[in-house]
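Please walk me through this model in the viewer. Tell me what to select at each stop, and what is there.

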Amino acid sequence: MTKPPRSKPLLRDSEAPIRSRPRGRRNPAQPQLLFDPMPERVEPALAQLKPRPPKGSEWSWELKWDGYRLAVHIEPQAIRILTRGGHDWTHWFPAIEQAARALGPATMIIDGEAVVLDEEGRPDFGLLQQSLGASGKQAGNRASDAVFYAFDLIYLDGHDLRGVEYRSRRHLLEDTLNGPKNDQVGAVRLSETLDAEPAVLLEHVCRLGLEGIVGKRLDQPYRSGRTGDWVKVKCIQSEAFFIVGYERSATFAAGFGSLVLAAYRGADLVHVGSVGIGFKEVEVTRLRKILDTLRWKRKLPPLPYSGSADVIWVQPTLIAEIEFRAWTSDGKLRHPSYKGLREHQDNADVFRLD
């Protein structure tokens with residue numbers, strides 16, 4: 001292999017060649033321009049459930065979206081859409097990916113929630129489940145009706161914003177999404193802040209049939225986990241529970257009468273009741289087939305049970321989102337209704353009893 005030719009001085013005089021000035025030492029008083037590498041993944045900030053909204057002017061309020069929590073990574077090489085658990089769901093949301101690509105060439109990480117809206121413009125978790133397909137494998141082109149509501153900005157063009165107060169992060173997010181490349185009717189939209197007394201706001205939101213409101217401390221940085229910087233107040237309670245069994249149906253042999261549910265108390269599972277409404281016939285048949293592959297093979301059930309129903313026990317693997325009104329005095333769900341299965345990659349928190 002031939003060697004590359006040596007470079008010649010570009011500027012020189014035959015008698016006095018022009019030389020480069022020696023490189024000087026850096027002045028310690030000169031400010032450093034920091035560059036933060038984009039995090040591979042950020043553990044999300046989570047909202048603490050409160051029975052009523054806290055008072056004070058240090059809170060910013062917005063709608064609580066009923067969907068899947070996602071982080072959209074806009075990178076030079078590609079768009080990545082990650083779940084709470086860090087799983088890549090980009091292929092599940094082609095419309096969100098396309099809309100996020102249009103926000104470039106800036107690099108950023110946007111925190112938000114993917115929802116599917118009903119005919120009245122309200123998020124519907126059941127419709128989101130249908131759009132993703134029964135198991136996610138069919139989702140490719142079926143999740144194109146999902147919308148991503150952005151509510152925080154974690155990283156922007158070489159700057160990690162987790163140490164910046166929420167007030168400033170929010171301004172940057174609004175500037176980013178209110179630009180000419182985003183028309184607020186596409187698949188990536190800004191989650192609007194709501195200017196009203198939170199108690200009045202909650203009453204209005206509940207009257208519209210929405211899930212609730214979320215409050216965020218304006219003066220706090222972005223901190224992962226449930227730190228109390230974010231709070232949520234719900235109109236109707238909705239939580240995730242393990243399916244640990246089912247009761248047979250007297251009228252539908254291929255389905256079930258109800259699903260037996262469990263929550264955590266410490267490291268143990270506790271029976272919290274059964275749910276028998278909210279299902280479509282297709283969903284009942286599909287669930288029954290899955291549950292029969294998860295049958296519990298031990299003599300004792302997976303948790304203490306004092307009921308009289310004939311339960312077919314299953315491994316506590318499937319997680320269901322359940323809507324309910326309250327708790328009974330003996331620790332069971334009051335008026336529960338099935339909303340849909342949570343995907344394992346979504347990393348949903350199974351409810352924990354105090």
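**Stop 1: the β6-β7 hairpin**

Start at the hairpin of β6 and β7, where two residues sit between the strands and Asp157 takes a positive phi near 45°. Keep in mind that this is a predicted model. Now show strand β7, residues 159-160. It runs antiparallel to β6, and two bridges join them. To see the pairing, select Tyr155: Asp160 in β7 stands opposite.

**Stop 2: β6 and its other partners**

Stay on β6 and colour by accessibility. Is β6 enclosed or open to the outside? Of its 10 residues, 10 are buried, so the strand is largely enclosed by the rest of the structure.

Next, add β5. β5 and β6 pair in the antiparallel sense, over eight bridges. Pick Gly112 and look across to Ala150 in β6, which stands opposite.

Then add β8. This strand runs parallel to β6, with three bridges between them. Select Phe148 and find its bridge partner in β8, Val188.

As you step along a strand, remember a general rule: in a regular strand, side chains alternate between the two faces of the sheet.

**Stop 3: the largest core**

Phe148 leads straight into the next selection. The largest nonpolar core has 33 residues. Select Val72, Ile74, Phe93, Ile96, Met108, Ile110 and Phe148: these have the most contacts inside it. Then show the elements that give two or more residues to this core:

- strands β3 (68-74), β4 (79-83), β5 (108-115), β6 (147-156) and β8 (188-190)
- helices α1 (94-101), α2 (125-132) and α3 (166-177)

In soluble globular proteins, nonpolar side chains tend to be buried together.

Centre on Ile110. Which residues does Ile110 touch, leaving aside its neighbours within four places in sequence? The contacts are Leu70, Ala71, Val72, Ile74, Leu103, Phe148, Ala150, Asp152, Leu153 and Leu173. Ala150 is also the residue opposite Gly112.

Now move away from this group. A second, separate core has 25 residues, among them Ala263, Val284, Phe324 and Leu333.

**Stop 4: the open sheet of four strands**

Select β1, β10, β9 and β2. They form an open sheet in the order β1-β10-β9-β2, with mixed pairing. The edges are β1 (48-49) and β2 (59-63), each pairing on one side only.

Zoom in on β2 and β9 (residues 212-217). They pair in the antiparallel sense over five bridges. Trp61 is a handy marker: Gly215 in β9 stands opposite.

Bring back α3. This helix lies across β2, β9 and β10 (230-234), running at about 45° to β2. Add helix α4, residues 198-207. Helix α4 packs on the sheet and touches β2, β9 and β10. Its direction makes about 150° with that of β9.

**Stop 5: the disulfide**

From α4, select Cys206. How many disulfides does a search of the whole structure find? There is one, and it joins Cys206 to Cys235, S to S 2.0 Å. Check the torsion: -90° about the S-S bond, a left-handed link. The pair links distant parts of the chain. Cys206 is in helix α4, while Cys235 is in the loop between β10 and β11 (237-247), 29 residues apart. Both ends are partly exposed: Cys206 at 31% relative accessibility, Cys235 at 24%.

**Stop 6: salt bridges**

Finish with the charged side chains. Side chains of opposite charge can pair when their charged atoms come close. The structure holds 24 salt bridges. Try these:

- Asp229 and Arg223: the closest N and O atoms are 2.8 Å apart. Asp229 is buried at 6% relative accessibility, whereas Arg223 is partly exposed at 38%.
- Asp219 and Arg217: the closest N and O atoms are 3.1 Å apart. Asp219 is partly exposed at 36%, and Arg217 is partly exposed at 24%.
- Asp118 and Arg122: the side chains meet at 3.3 Å, N to O. Arg122 is partly exposed, with a relative accessible area of 28%.

For the last selection, take Glu40, Glu75 and Arg80, which are linked in a network of salt bridges.

Note on methods
Residues are numbered from 1 along each chain as its sequence is written. This is a predicted model: local features need pLDDT of at least 70, side-chain atom pairs count only at pLDDT 80 or more; totals for chains, interfaces and linings use all residues. Side-chain values use heavy atoms; hydrogens and water are left out. A nonpolar core is a set of buried Ala, Val, Leu, Ile, Met, Phe, Trp, Tyr and Cys residues joined through side-chain atoms within 4.5 Å. Buried means under 20% relative accessible area, exposed over 50%, partly exposed in between (1.4 Å probe, protein chains only). Contact means heavy atoms within 4.5 Å. Two strands pair if DSSP finds at least two bridges between them. Axes are lines fitted to C-alpha atoms, for helices over the stretch in contact, and angles run from 0 to 180 degrees between N-to-C directions. A salt bridge is a side-chain nitrogen of Lys or Arg within 4 Å of a carboxyl oxygen of Asp or Glu. A disulfide is a pair of cysteine sulfur atoms within 2.5 Å.
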